[in-house]
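These are my notebook entries on what I looked up in this structure.

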Amino acid sequence: MSGPNGMLYGGDEIGALVFDPGHHSLRVGYAQEDTPKADIPAVVGVGPATHVPEPEEKVPDGNVTQTGSKAGSELRHYIDVTELHVPRPGMEIQTYMKDGQVDNWDLFEKMLDYCYSKVIRSPPEHHPALFTEAVWSSRSGREKLAELLFEKYQAPAFFLAKNAVLAAFANGRSTALVVDAGASQTSAVPVIDGYALTSAAVRSPVGGDHLAAQAKAMLASMHIQMLPIYSIQSKEVIRERERARYTLKSLPAGLTQSWQQYMLKKQYEDFCHCVAQVSESAYDERTAAAVPGVHYEFPGGYHQDFGPERFKLTECLFEPTLGAAHLACSAAGACDADARGALWGGVVACGGGAALSGWAERLGRELASRAPSAHRLKVCAAPAPLERRCAAWIGGSILASIGSFQQMWISSQEFDESGKGQLERKCP
Ligand SMILES: Nc1ncnc2c1ncn2[C@@H]1O[C@H](COP(=O)(O)OP(=O)(O)OP(=O)(O)O)[C@@H](O)[C@H]1O
Ligand SMILES: [Mg+2]
């Protein structure tokens with residue numbers, strides 16, 4: 001299949017890339033593949049270069065030479081888990097996302113450089129790039145991204161697609177009510193015949209980050225200490241609920257607040273992934289107590305079973321005025337009455353929150369009691385948690401590899417000739 005400038009884009013000839021930036025992570029990989037090649041935390045560590053001398057860098061007098069400028073005088077950027085999780089004095093954790101879209105372009109460029117050089121390991125000018133975007137993304141942000149891809153990275157072609165539309169595609173639908181439980185927020189977006197109805201889209205700040213904050217508050221109220229995992233040297237085997245016995249590591253001085261908080265947040269997230277469960281209907285202590293508990297061991301060695309707390313924790317996600325079911329009803333209610341039947345018949349549950357055990361089932365149950373009974377209700381969610389979380393990326397992977405899509409790309413030639421106006425025309 002050839003594109004507008006006669007170049008081959010799709011299929012196996014030239015691998016198109018799909019980028020799905022979110023507040024929690026950036027998903028990136030080749031179109032046509034089932035899952036992204038990498039899922040990179042959406043933060044960048046910025047700090048002085050901590051130089052580990054290589055033996056061959058020793059100069060005859062025993063001093064250590066520095067590549068580039070003097071150690072400490074230049075800032076380095078640390079990306080992805082292995083680099084981020086090292087305790088480095090002076091390293092601050094910064095994010096490039098704000099309100100669902102890229103906000104700090106210098107940091108985001110560092111991330112894209114990393115994607116091309118370390119993940120894709122191939123020059124950007126060889127790959128058409130499809131980016132996902134939120135329905136409320138700003139015009140200036142869209143234009144900035146297109147310019148960056150064409151001008152700095154020399155991408156042969158570029159496309160922007162709404163993440164809700166792609167999540168619908170990933171679930172085999174072009175019309176759907178997409179409920180996306182992300183990290184920074186939960187949203188409900190009606191998609192009709194492959195177009196997102198932006199005016200009817202609604203969102204609330206209740207997402208995975210809020211859940212992690214709730215977990216922190218809950219554990220504090222239970223007097224359970226979440227010790228930073230990087231601070232533990234060794235721990236003793238103890239009985240359940242017994243006081244933890246551990247020794248601490250000596251850590252370098254100068255670890256920043258932002259890094260320490262980031263690392264702790266990862267631990268609260270892990271606790272949520274392992275322990276939290278959504279109950280089928282509104283929390284009821286007696287019903288919750290009848291379900292077997294889940295055992296969790298904290299970094300310091302303290303461990304115990306969590307019973308009804310697991311369910312109580314997640315109730316915030318279905319809060320009556322900010323929760324997922326309320327958002328879905330508001331979004332559907334803002335659409336034309338004759339479109340609602342199709343929307344209720346294809347509610348797509350996606351995002352990391354939808355990977356929580358019981359989340360999609362609870363959404364279905366709440367909608368069944370709220371949605372007009374004249375409509376057939378169906379909640380679709382991919383079977384595997386990873387597929388739910390990566391729904392937008394998977395939809396992008398499907399879209400970028402279908403034959404009839406190849407003429408939709410904005411080619412670099414078109415962009416050179418007609419500029420940013422192409423964006424509104426080809427990626428409305
Ligand atoms: N297996 C899992 N079980 C439960 N929750 C998970 C799981 N995996 C990720 N999460 C949570 O889902 C959230 C991330 O979801 P997602 O990847 O959809 O967010 P995002 O798209 O990066 O962010 P946003 O949509 O806010 O921009 C995080 O809060 C994370 O803790
Ligand atoms: Mg998201």
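Core. I looked up the largest nonpolar core (buried Ala, Val, Leu, Ile, Met, Phe, Trp, Tyr and Cys residues joined through C-beta atoms within 7 Å; buried means that 20 or more other C-beta atoms, placed from the backbone, lie within 10 Å of a residue's own), and of its 107 residues Val 178, Val 179, Ala 328 and Ala 349 touch the most other members. Helix 4 (residues 163–170) gives the largest share of this core, seven residues.

Basis. The model is predicted, so I note that local features need pLDDT of at least 70 and side-chain atom pairs pLDDT 80 or more, while totals for chains, interfaces and linings use all residues. Residues are numbered from 1 along each chain as its sequence is written, and chains are lettered from A and ligands numbered from 1 in the order written.

Sheet. I then followed an open sheet of three strands (E runs in DSSP of at least two residues, numbered from the N terminus; a pair needs at least two bridges), which has the order 5-4-6 and antiparallel pairing. Strand 5 (75–78) and strand 6 (92–95) are at the edges with a single partner strand each, so one side of each has no neighbour in the sheet. Strand 4 (residues 43–48) is joined to strand 6 by four bridges, and Val 46 has Glu 92 of strand 6 as its bridge partner.

Helices. I found helix 5 (residues 208–221) packed against helix 6 (residues 257–275) at an angle of about 90°, with the axes 9 Å apart, which makes helix 5 roughly perpendicular to helix 6 (the term covers 65 to 115 degrees).

Conventions
Axes fitted to C-alpha atoms, helices over the stretch in contact; angles between N-to-C directions. Parallel < 35°, antiparallel > 145°, perpendicular 65-115°, else oblique. Buried ≥ 20, exposed ≤ 12 C-beta atoms within 10 Å, placed from the backbone.
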